[in-house]
Amino acid sequence: MNYICIHGHFYQPPRENPWLETIEWQEDPYPFHDWNERITSECYGPNAWSRILDHNGRIAEIVNNYARISFNFGPTLLSWMEDNASSVYQRILDADRLSMDRFGGHGSAMAQAYNHLIMPLASARIKRLQVEWGIRDFQRRFGRDPQGMWLPEAAVDRETLEVMAANGILFTVLSPRQAKSVRGFGESVWRDVSGNKVDPRRPYRCPLSGGKSIDLFFYDGGLAQDVAFKGLLDDGSRFAGALLDSFGGETGGPRLVHVATDGESYGHHHKYGDMALAFALDQIDSSTHVKLTNYAQFLALHPPEEEAEIVPRSSWSCVHGVERWRSDCGCRDGGGGADWTLAWRKPLREALDALSERLQAAWEEHAPLYLKEPEKAAREYLDVIHDRSRANVDAFLARHTLRKLNEEETTTAIRLLEILRQGMLMYTSCGWFFDDIGRVEPVQILRYANRAIQLAERECGVELEEAFVQKLREAPANHPDYANGAEIYEKQVAPTRLTLSRVGMHYAVYSLFEDFPEQLDICNYLAISERYERFDAGIQRLALGRTQVRSRITRSDKHFSFAVIYLGQHQIIGQFDSDMDAAVFEAMFEEIRDAFLMSRTAEVLGIMQKYFNGSSFSFWNLFRDEQRKVLDKIVAADLEQAENAYREIFDRNYNIMNVLKSADMHIPDVFSRNLEVVINTEIRKVFENGPLNPRKLEKLDVQARKWLVPLDRKLIAFAAGKRLLQALQELPIVAEPVQHLDRLNRVFKVLHDLEIRPDLWQLQNEYYQLSRAKTPDGSPMTDELVLEWERLGEHLGVRAPIRPVPEPLPLLGEHPPEAAPIRKSGPYDSKPEDLAAHPAAAPRSTGSTKA
């Protein structure tokens, strides 16, 4: 029996603001909030609920791809997913448990070194922490010890393997060009296999010091290239065939054909790649002479018979070893101009290395003043990163501090641990991977460096920033707006540094628009006002307060007083003081309040200048996401008024427009534009307010056709998709399910007639799950209900083999998909026939490349 294993390395670089610990809005992945959200929609979610089609191009099965492949997810990505894509996250955890049932007790999930830095270029301390945090993160999520660990960029040296083996890791996966030589057990002579000559179809054992060893798999490099770059995922049947054909005609024992690529190949880099993967797995599963497996199971069944030596300091994505992350080696991503220089990589690495040495020296000097065993505390600090609750942090401190610390000492101890964390995040490999130091990835690692500098300078009394920036001047930039890395740091990085005062200014502005502003959560900060009052005068609004801002991470805090006035639109003027005493505040409070309530705006501004020391702020002090939220609130009120005005014009002039139309006379353009606004608004509101009303939608359909109204199909489709999913999820609890389904089907018919295509992905998931649930009381479904249910399946492009039921029950290992991110692009916002026509989605019953 031979075996096949497909490994996906699923990873995104950490993108969180180092101070807010959240990802702020990013422009490039629009209409998604950020790249994590977009790639979850295009890849991670679809692989958790991937489609296999029948002969008619309808969904016959929805499968969890992760349960049948080998995979690793970056720990920082899983942390984001746990909070922001919880049902996808749960499907990934479930897949590991399901794979243990499938693969003889061996889970398919592998651990990963923590934050994707290049291990051969890391210090010994950072190597240990990366492996220890990667294991600790894996144990928390998957509830077991990892057997294998993925190395970022498959970058490896002997010391890294030693650290992994010392921590109980049994194997890792490398590219074939990273194999240097092999020999049989008991043989003394090594055979040269460098230059991709190693046989990738068997495992190898790498001997290490002290009698330890670690097992190695060298994946099939040709297959990996075909998957990642040569279109193999265009056809699920061809993908399966390529894997099956890789065994050749050789005999001599079980062989393992395996391929490893970025997991994002299956849906993000290659649209429909998840479906090609699902079909290929299904076809391989049906084979009688080949079995799907994962690395851990294959090792248990067929241990290595040969030893291997690695090419030191090598990787899978740089033919020059690891030079891509420290020099101008010539490796490019192809996104820059032919004349772009890569000379910035070396000084960027040198600047960070010099900074890292200073940070670690500061840690070694100051940590023993507070921590009993600093290295042990550093190893276990990941538990605090996972759970910032006061009880958990207090328990951590009780275990690790030399004595009971006061609040100031507690802040210092936590900041020292954060210096280590930020000092690792600043090495994230993506900072060097692309062609320009001005890209978002290098800017992100410079922000982590900025945060580490801020903490170290504050707590350790060292001057770090000046030397760091000076070294960055040696890093030439390709972007015409910047001469070098120092200018990028000074213009894009340094201004983003947060202090508690800046958080307080944000709170003051944001409090103007919140319903309960006395206490607000601001990412990982908490703002609590001991005194807060807000006053309205027409569109103007005034807020006065004495507030404390506290960091949930470091427990540092700051008290301040403020006055802020909203003048309409985005015009906001505020003043801030961290030293104003209570009596002065009360005097200021009364003067400003009285002037505001008398509508003396100029006097209000004068009193603010009188009492405050010049620390002013405005709308632009809001954080990026809150700027968007506040603008949405400001615009929403005006939009509602405008929509009402359009509706009034429509109603008042409807009859005269009818007369003009009947007489074949020109309808004034202003009336036509008014019609367009009203019809589009009314259709959208069908899906935003109250129960679904197909009768109203049908009437609007008639009006839209009568007046030939151009529809905003994208906006309507978005609203319709959300509301239809909600309606389908309501089915198990409605009193009249037949009528409920009839309303859904009528709505779908109108949308089809209007050529509006809502995102069907979550709807299909929900329908599929309901179709396969069991009826708790065994009661039969009426023919009428069955008919309506099957009609809905036709609209959704899903085959319905059995009846809908009163209560949906999760499939084995599944969790309801209600929290899955809405897929805003890709095959599931198309008609079922569009989905079926893609060659990646070959029907499972024939294996044909055409549906």
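**Exercise 1. The nonpolar cores**

Which residues of the largest nonpolar core touch the most other members? Describe the surroundings of the core as well.

*Solution.* The model is a predicted one, in which local features need pLDDT of at least 70 and side-chain atom pairs count only at pLDDT 80 or more, while totals for chains, interfaces and linings use all residues. Residues are numbered from 1 along each chain as its sequence is written, and side-chain values use heavy atoms, with hydrogens and water left out.

Start with the terms. A nonpolar core is a set of buried Ala, Val, Leu, Ile, Met, Phe, Trp, Tyr and Cys residues joined through side-chain atoms within 4.5 Å, where buried means under 20% relative accessible area, exposed over 50%, and partly exposed in between, with a 1.4 Å probe and protein chains only.

Next, look at the members: the largest nonpolar core has 217 residues, and M81 and F687 are the ones that touch the most other members. Helix 16 (residues 440–460) gives this core its largest share, 10 residues. Helices (H or I, at least four residues) and strands (E, at least two) are DSSP runs numbered from the N terminus.

Then turn to F687, whose contacts (heavy atoms within 4.5 Å) beyond four places in sequence are L692, L697, I716, A719, A720, R723, V747 and L751. Apart from the largest core lies another core of 31 residues, which includes L498, I522, Y566 and F576. As a general background, nonpolar side chains tend to be buried together in soluble globular proteins.

**Exercise 2. The chain as a whole**

Work out what the radius of gyration of the chain is and why it agrees with that of a compact globule.

*Solution.* The radius of gyration is taken over C-alpha atoms, and the globule rule is 2.2 Å times the number of residues to the power 0.38. For 851 residues a compact globule would have a radius near 29 Å, and the chain, at 31 Å, agrees with this.

The C-alpha trace spans about 95 × 75 × 60 Å along its principal axes, and the secondary structure comes to 29 helices and 20 strands. Of the 851 residues, 57% count as buried. Among contacts with a separation of 6 or more, 71% are between residues 24 or more positions apart.

**Exercise 3. A helix and two buried residues**

Find which residues of helix 7 are buried, and then examine Q130 and A308 in their surroundings.

*Solution.* In helix 7 (residues 236–245), 7 of the 10 residues are buried, so this helix is largely enclosed by the rest of the structure. The buried residues are G236, S237, F239, A240, G241, A242 and L243, and their cover includes strand 1, helix 6 (221–229), strand 12 (256–262) and helix 8 (273–285).

Q130 lies in helix 4 (residues 124–142) and is buried, with a relative accessible area of 0%. Leaving out residues up to four places away in sequence, Q130 touches A113, Y114, N115, H116, L117, M119 and M424.

A308, in strand 14 (residues 306–310), also counts as buried, at 0% relative accessibility. Beyond its neighbours within four places in sequence, A308 is in contact with S181, V182, W190, Y204, R205, C206, P207 and F218.

**Exercise 4. Sequence distance and spatial distance**

State how many Å separate the C-alpha atoms of Q130 and L151, and set beside this the pair A308 and S287.

*Solution.* Q130 and L151 are 21 residues apart along the chain, and their C-alpha atoms are separated by 9.9 Å. A308 and S287 are also 21 residues apart in sequence, but their C-alpha atoms are 32 Å apart in space.

**Exercise 5. Backbone details**

Locate the cis peptide bond and describe S599 and D664, which have positive phi values.

*Solution.* Most residues other than glycine have a negative phi, and most peptide bonds are trans. A cis peptide bond joins Y30 and P31, with omega about 15°, and P31 is placed in the loop between strand 1 (2–10) and helix 1 (35–48).

S599 has a positive phi near 60° although it is not a glycine; this residue lies in the loop between helix 20 (582–597) and helix 21 (601–611) and counts as exposed, at 56% relative accessibility.

D664, which is not a glycine either, has a positive phi of about 55°, and its place is the loop between helix 22 (624–662) and helix 23 (669–686). At 72% relative accessibility, D664 counts as exposed.
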